[in-house]
Structure formats: structure tokens, C-alpha cells
Amino acid sequence: MNDAPDFQDCFKNLAKKKILIVSTTWNKDLLSPLIDAITKTADVHKVDHEISFCPGSLELAASIIRAKPDQYDGVLAIGLVIRGDTPHFKLVSKQSFQDLASVALEFHSTPLINGVLTVDNKVQAEERINPEKMNKGKEFIESLFQICLLYTSDAADEGLGVDLGGRRI
């Protein structure tokens, strides 16, 4: 079951958008269906996308900075951290999330979605990645689409934003 909001009605003016997807090679086989769901969804909406790879989740932030995120309408970071028997899981999860948040703030005019999955085991990973189950890939890319539109003048035309006492942001 997936509780993600349905953004489909918002995605009318995406064809001119260009996004960067940066994924880890660590757990690449497990992430492959997630990447497929992301690229298929981008293709359906005619969004130009580039895919870049880095070794692991700790390298995502630096890889995004080197790719010059301000040249894109949005960035999607993809990774998978599976809990093991050592504290490595907590260290990698916490640091990669902090680093991605720092990049998002530094390049605040380019939206960044953190698509790093942190799970206890491969079963949880497969459940979240599987397009027939939670389909997090589609959820991540649609979240990026929504925020890309919010960052542009298209937001008002698309009826997006948050109503703050009669003001839409």
C-alpha cells in the first residue's frame, strides 16, 4: 500500500523541464526497478533527464554538487542503505541525509528530493522498490515534478501551492 498523494492533475507543463538523477552503484541490482520506474515516469511526462552514478549514499551530495545542480530544474538523489550488524547503517544514513539537506539549502533555487531508502532488510527494500507494491521510484519523481512546478511561475497556473489565508505559495 502506498499513501503517496496523487499529483497527476498537476503535471501539464513538465515537457520543458530538465532533471538530474544521481544514483548509487551500491545495491544497484536492487535499485534497478526503482530507476526504471523513475525514468519511465519522466518519459511519460516528456521530462528531459540525465542519470549519473556515484559509489554510495555518502557520495551523493558531493556528486550532485559536482554536477552543477543549478543547471537543472530539479535533482533526485537515489540510494539504498540496508541495516547490518554494525553501526555503519546509522552513520551512513544520518550523514547522507544531512549532506543532502545541506546541498538542498545551498542550491535553494533548484529543488532536491532525497530518495535514499533506509531499510532493515532486503525484503523491506524490495517492497518499497517494487512497482506493484509501494513504487517509491514513481513517488520520488512525482514529488520532484510537483516541487519543480512550485519553484516556477507554472505553479499558479497548475493550482499548486499551499493556501495561507488566501495567499498561495
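Select Thr 41 first and display what surrounds it: setting aside neighbours within four places in sequence, Thr 41 is in contact with Lys 138, Ile 141, Glu 142 and Phe 145. The model on screen is a predicted one, and in it Thr 41 sits in helix α1. Is Thr 41 buried or exposed? Its relative accessibility is 9%, under the 20% cut-off, and Thr 41 therefore counts as buried.

Next, widen the selection to the two helices α1 and α5. From α1, take Leu 34, Ala 37, Ile 38, Thr 41 and Ala 42, which meet Lys 136, Gly 137, Lys 138, Phe 140, Ile 141, Glu 142 and Phe 145 of α5. Coloured by residue class, the residues of this contact fall into seven nonpolar, two polar and three charged. If you draw the helix axes, those of α1 and α5 come within 7 Å and cross at roughly 40°, so that the two helices are oblique to each other. The crossing of α1 and α5 is right-handed.

Keep α1 on display and replace α5 by α4. Here the axes of α1 and α4 lie 9 Å apart, and the helices pack at an angle of about 15°; α1 and α4 are therefore roughly parallel to each other. The crossing in which α1 passes α4 is left-handed. Which residues make the contact? On the α1 side they are Leu 30, Leu 31, Pro 33 and Leu 34, and on the α4 side Lys 122, Glu 126 and Ile 129. By class, the residues of the contact of α1 with α4 comprise five nonpolar, no polar and two charged.

Leu 34, listed in the contact with α5 and again in the contact with α4, leads on to the nonpolar interior. Select the largest nonpolar core, which has 25 residues, and pick out Ile 19, Leu 34, Leu 76, Ile 78, Leu 80 and Phe 145, the members that touch the most other members. At least two residues of this core come from each of β1 (18-24), α1 (28-44), β3 (74-82), β4 (112-119), α4 (122-129) and α5 (136-150). Apart from this core lies another, of 17 residues, including Cys 54, Tyr 72, Leu 100 and Val 103.

Centre the view on Ile 19 next, and show the residues around it. Not counting residues up to four places away in sequence, Ile 19 touches Val 47, Asp 48, His 49, Glu 50, Tyr 72, Gly 74, Ile 141, Leu 144, Phe 145 and Cys 148. Among these partners of Ile 19 is Tyr 72, which is listed as a member of the 17-residue core.

Move now to Thr 118, which is found in strand β4. With 35% relative accessibility, Thr 118 counts as partly exposed. Leaving aside neighbours within four places in sequence, Thr 118 is in contact with Val 81, Phe 89, Ser 93 and Phe 97. For a distance check, pick the C-alpha atoms of Thr 118 and Lys 90, which are 28 residues apart along the chain and separated by 9.4 Å.

Finally, zoom out to the whole chain in cartoon view, where six helices and six strands can be followed. Traced along the sequence, they give the pattern β-α-β-α-β-α-β-α-α-α-β-β. Of the 169 residues of the chain, 43% count as buried. As for contacts between residues at least 6 apart in sequence, 77% join residues at least 24 apart.

Definitions and conventions: Residues numbered from 1 in each chain as written. Predicted model: local features only at pLDDT ≥ 70, side-chain atom pairs only at ≥ 80, totals over all residues. Heavy atoms only, no water. Core = buried A, V, L, I, M, F, W, Y, C linked by side-chain atoms within 4.5 Å. Buried < 20%, exposed > 50% of the residue type's maximum accessible area, 1.4 Å probe, protein only. Helix = DSSP H or I, 4+ residues; strand = E, 2+ residues; numbered from the N terminus. Contact = heavy atoms within 4.5 Å. Axes fitted to C-alpha atoms, helices over the stretch in contact; angles between N-to-C directions. Parallel < 35°, antiparallel > 145°, perpendicular 65-115°, else oblique. Left-handed = near helix turned anticlockwise from the far one by under 90°. Nonpolar A, V, L, I, M, F, W, Y, C, P; charged D, E, K, R; others polar.
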